[in-house]
Amino acid sequence: MHSLQFSVPLLPTSRFKRHSVRCASDRQQLFNRIAPVYDNLNDLLSLGQHRIWKRMAVSWSGAKTGDSLLDLCCGSGDLTFLMSEKAGADGKVIGLDFSKEQLSIASSRRYLLSKACYNNIEWVEGDALDLPFSNGYFDAITMGYGLRNVIDKRRAMQEMFRVLKPGSRVSILDFNKSMQPFTALFQEWMIDNVVVPTATVYGLAKEYQYLKTSIDEFLTGKELEKLALDAGFSYARHYEISGGLMGDLVAAR
Amino acid sequence: MVRLSKWLLKEAGTVVDKTLSDILVCPLSKQALRVCEEPPSLISDSIGVSFPIKDGIPCLVPTDGKILDTDDTMKHDNAADDSANNK
């Protein structure tokens with residue numbers, strides 16, 4: 001992690017020009033651009049807490065030794081590595097992402113971390129809306145900070161349902177679109193006054209501005225539960241964590 | 001000798017692990033893929049598209065696919081016929 005010599009500027013609510021990140025290829029390019037600093041920024045902005053949230057997400061997925069596991073929108077691989085530890089030498093984990101740059105970093109991290117169990121990981125460049133796996137293959141799926149970024153959330157849920165074994169679970173971690181006014185206001189304040197100024201230091205103001213729009217356009221916990229049930233899942237529950245700033249949707253096929 | 005060259009190719013990041021090539025299917029047709037070693041790629045015969053493998057990572061985003069010329073598919077059919085005749 002970089003040790004930065006900067007003081008967070010206490011800006012009045014910034015009026016950056018809103019950058020529309022509408023189509024899939026825009027989002028793909030965005031994630032390619034932030035790839036080099038993604039991990040450092042996550043640590044900085046969440047004060048390291050994202051590691052706890054990710055462990056919770058893996059736990060809720062029900063992943064266990066010997067399983068065939070999928071980590072969707074794996075990015076630089078945080079959740080994939082946790083899933084790999086669960087699966088062990090007899091299991092298999094696929095880390096799938098549509099950003100080549102993020103996958104490159106994930107692949108390099110695997111060699112740097114060099115834990116023997118990480119040999120059970122395979123990286124695949126793919127699209128969450130058209131998964132390159134046959135029906136009913138996986139024992140558990142995780143998706144961290146991915147569902148909010150896919151163009152067609154319904155289709156993504158349907159694909160997850162399709163590739164899951166009956167009785168298995170998906171655990172989808174993301175920002176929570178809170179119905180509590182105080183939480184929503186605090187989240188917005190954090191993005192305007194902490195996240196974007198910090199990202200600006202890395203030259204990524206526009207990219208992190210996208211975060212606010214994407215949370216605005218995301219679904220609430222109840223809406224996510226309905227999305228999962230509509231896709232065919234027999235059970236769906238959204239858990240709020242970290243004071244309602246984050247949430248994890250757990251759905252069982 | 002064959003095993004050594006396969007290991008070297010894997011280290012060079014062009015060969016996809018066999019279990020992975022068994023797991024993967026065409027993202028569009030969901031049918032099986034065929035491994036091609038040169039150029040390193042996965043072929044979906046069901047829709048006549050080839051997906052590249054770069055640095056050992058299969059690229060299976062639908063827009064990564066390249067439509068195969070009929071020549072490419074015919075070459076594969078001829079090669080399959082030849083090997084069947086030679087047996």
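Q: What makes A:Phe81, A:Tyr118 and A:Trp123 a cluster?
A: Ring pairs link A:Phe81, A:Tyr118 and A:Trp123, where rings of Phe, Tyr and Trp (its six-membered ring) pair if their centres lie within 6.5 Å, and planes under 30 degrees apart count as stacked, over 60 as edge-to-face and the rest as tilted. This is a predicted model, in which local features need pLDDT of at least 70 and side-chain atom pairs count only at pLDDT 80 or more, while totals for chains, interfaces and linings use all residues, and side-chain values use heavy atoms, without hydrogens and water. Residues are numbered from 1 along each chain as its sequence is written, with chains lettered from A and ligands numbered from 1 in the order in which they are written.

Q: Why is the pair of A:Phe133 and A:Phe138 given its class?
A: The ring rule yields seven aromatic pairs over all chains. For A:Phe133 and A:Phe138 the ring centres are 5.0 Å apart and the planes stand at 90°, so this pair is edge-to-face. Both A:Phe133 and A:Phe138 are buried, a word that means under 20% relative accessible area, as against exposed at over 50% and partly exposed in between (1.4 Å probe, protein chains only).

Q: How do you know that A:Phe161 and A:Phe233 form an aromatic pair?
A: Their rings lie 5.2 Å centre to centre with 80° between the planes, and the pair is again edge-to-face. The pair links distant parts of the chain, 72 residues apart, with A:Phe161 in helix H6 (residues 153–163) of chain A and A:Phe233 in the loop between helix H9 (221–230) and strand S6 (235–241) of chain A; helices (H or I, at least four residues) and strands (E, at least two) are DSSP runs, numbered from the N terminus. A:Phe233 has a relative accessible area of 2%, and is therefore called buried.

Q: What makes A:Asp78 and A:Arg109 a salt bridge?
A: Their side chains meet at 3.0 Å, N to O, and the term asks for a side-chain nitrogen of Lys or Arg within 4 Å of a carboxyl oxygen of Asp or Glu. A:Asp78 lies in helix H4 (residues 78–87) of chain A and A:Arg109 in helix H5 (residues 100–113) of chain A, so the bridge ties together parts that are 31 residues apart in sequence. With a relative accessible area of 18%, A:Asp78 is buried.

Q: How do you know that A:Glu188 and A:Lys212 meet in a salt bridge?
A: The N to O value for these side chains is 4.0 Å, and the pair counts as a salt bridge under the rule. A:Glu188 belongs to helix H7 (residues 181–201) of chain A and A:Lys212 to helix H8 (residues 205–216) of chain A, 24 residues apart. The two partners are classed in turn: A:Glu188 is partly exposed at 38%, whereas A:Lys212, at 16% relative accessibility, counts as buried.

Q: Why is A:Lys226 called buried, partly exposed or exposed?
A: A:Lys226 has a relative accessible area of 51%, so the residue is classed as exposed, while its salt-bridge partner A:Asp230, whose closest atom lies 2.8 Å away, N to O, is partly exposed at 43%.

Q: What makes the side of chain B that touches chain A nonpolar, polar or charged by class?
A: A:Glu159 and B:Lys30 form a salt bridge, their closest N and O atoms being 3.1 Å apart, and the count between chain B and chain A is one salt bridge. Helix H2 (18–23) and strand S4 (57–58) of chain B are the elements that give two or more residues to this side, and H2(B) gives the most, with three residues. By class the side has twelve nonpolar, one polar and four charged residues, where Ala, Val, Leu, Ile, Met, Phe, Trp, Tyr, Cys and Pro count as nonpolar, Asp, Glu, Lys and Arg as charged, and the others, Gly among them, as polar.

Q: What makes the phi of A:Leu47 a value to note?
A: Phi of A:Leu47 is near 50°, a positive value in a residue other than glycine, and most residues other than glycine have a negative phi. A:Leu47 lies in the loop between helix H2 (38–46) and helix H3 (50–61) of chain A, and at 75% relative accessibility A:Leu47 is classed as exposed.
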